[in-house]
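Colleague: Hi, could you pull up the model and talk me through it?

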Amino acid sequence: MEKTVKLIIDGNTYELPVIVGSEGEKAIDIRKLRQETGYITYDPGFASTGSCRSSITFMDGEKGILRYRGYPIEQLAEHSTFVETSFLLMNGVLPTRKELNQVRVHLNDNSLVHEDMQDFFRSFPRASHPMGILSSMVTALRSFYPEYMSAEENINTTFLRLLSKVRTMAAMSYKISRGHKVIYPRQDLTYCANFLNMMFDSPVKPYEIDEDLVRALNIFWILHADHEQNCSTAAVRVVGSGKVNIYAAISAGIAALWGPLHGGANQAVIEMLTDIAANNGDVNRAVEKAKDRNDPFRLMGFGHRVYKTYDPRAKIMKAMCDIVLSKMKKSDPLLDIARKLEEVALKDPYFIDSNLYPNVDFYSGIVLRGLGIPTNMFTVMFAIGRLPGWISQWKESIDDPHWRISRPRQVYTGEKERDYIPIDER
Ligand code: CMC
């Protein structure tokens, strides 16, 4: 029998259906609430609101669990590649060897971007943030490749084109921003190796591909590949609900990710650690500032809406710092500061009582610095990783039989009706 809950409003009892997810998560179905009771719900930030049913990613914030299509993030990070994980997210199953090869061929075949797009890149002022450029360029893809979204059978091609071209565009934007020659993708390289090569190869110094660093990049992107209904994914779904083309919806996701409370936190963490380093490595001062409710400063890379324990991605990322740095034969003073900051914060009652732990962004910047990625490209790295998630969530929402255009209600608190005042009488 269908489970229901009773709601008593103004003395009247209403019975509302309950939806139970496959992991036992319960939601009260309030779709008819306004129609039957005249009331709406109020939930700024949507902390208690489920916006969809989804079979892509499961998170348990209390236990620190993250699974893509049922597979634990730890297992995917250990055994999978970013391309395989992308296939899994988009199709719901792990690919066979044949399917994976087909995907690789598609990714390679679609890796070039239209030469005219380079002019577009060059027209941006040099100081432009790469996230703004990427968001505009993804929207522009629609104009350069309009034919591919016209037929239903080409949707998968569009997905792979996005994955492949966004990676090429990201590396291209870096080269152009430095005034260096653009390096083209190579057919003989895997997805991640190709990206590193496009970023760091140069006519004067060929880039030597190191399989351990390629592996590290695979893991980095697997960890970012999806995270259910976060701010940017919600943006993709909301914008996509107006039936806009996929490029515009993904571009909205990139714009949302840019914010320092979301994907931009990886850049903000490094800026914060650099600031602490400049202040003699005084982590206590940063912790005190973060605790001061009159100070807007927050410990970047700490806290999460869903995780009330250690972010499982942060555990893997923390371990990767040492692997990447030792491989690069580098040390990073910011890593010592990050570790010290974590130790002090995790012993502090403010952080303990508010369940504030390091999130994925706390250590990810150190990994990226180790790989040689410049700080202003960090959030772009997050965006490339999140693409398969956005694409999968967009597709799921478009195919959802319960789909409706996103259009929240509000509680109006402004002026009641009043008469217009002619300008001379104001
Ligand atoms: N430093 C100090 N205090 C914090 C922090 C922090 N990093 N995060 C949360 N708090 C406090 C906050 O001030 C609030 O205190 P009070 O109850 O006294 O008002 C309490 O903890 C609850 O915080 P909240 O802002 O209501 O929590 P939220 O779920 O709305 O926000 C968050 C989540 C991630 C935006 C927030 O924790 C934050 O701003 N963290 C720093 C930015 C960051 O690292 N973002 C990356 C998130 S993970 C990757 C991603 O999503 O992209």
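Colleague: How many Å separate the centres of domain 1 and domain 2?

Modeller: In this predicted model, their centres, taken over C-alpha atoms, are 35 Å apart. Domain 1 covers 4–50 and domain 2 covers 57–400, with bounds from an automatic or database domain assignment. Residues are numbered from 1 along each chain as its sequence is written. Local features need pLDDT of at least 70, side-chain atom pairs count only at pLDDT 80 or more, and totals for chains, interfaces and linings use all residues, while side-chain values use heavy atoms, without hydrogens and water.

Colleague: Cool. Switching to helices, at what angle do H15 and H17 cross?

Modeller: Roughly 170°, with the axes of H15 (residues 333–347) and H17 (residues 360–371) coming within 10 Å. So H15 is roughly antiparallel to H17, a label for angles over 145 degrees.

Colleague: And which residues make the contact?

Modeller: H15 brings Leu334, Leu335, Ala338, Arg339, Leu341 and Glu342, and H17 brings Phe362, Tyr363, Ile366 and Arg369; contact means heavy atoms within 4.5 Å. By class, 7 are nonpolar, none polar and 3 charged.

Colleague: Nice. What volume does the second largest pocket have?

Modeller: About 390 Å³. A pocket here is an open set of points on a 1 Å grid where a 1.4 Å probe fits, with protein on both sides within 12 Å along at least five of seven lines; lining residues have an atom within 4 Å of a point.

Colleague: Which residues are closest to its centre?

Modeller: Of 16 lining residues, Phe200, Lys205, Pro206, Tyr207 and Glu208. The lining divides into 8 nonpolar, 2 polar and 6 charged.

Definitions and conventions: Points joined across faces, edges and corners; volume = space filled by probe spheres on them. Nonpolar A, V, L, I, M, F, W, Y, C, P; charged D, E, K, R; others polar. Axes fitted to C-alpha atoms, helices over the stretch in contact; angles between N-to-C directions. Helix = DSSP H or I, 4+ residues; strand = E, 2+ residues; numbered from the N terminus. Parallel < 35°, antiparallel > 145°, perpendicular 65-115°, else oblique.
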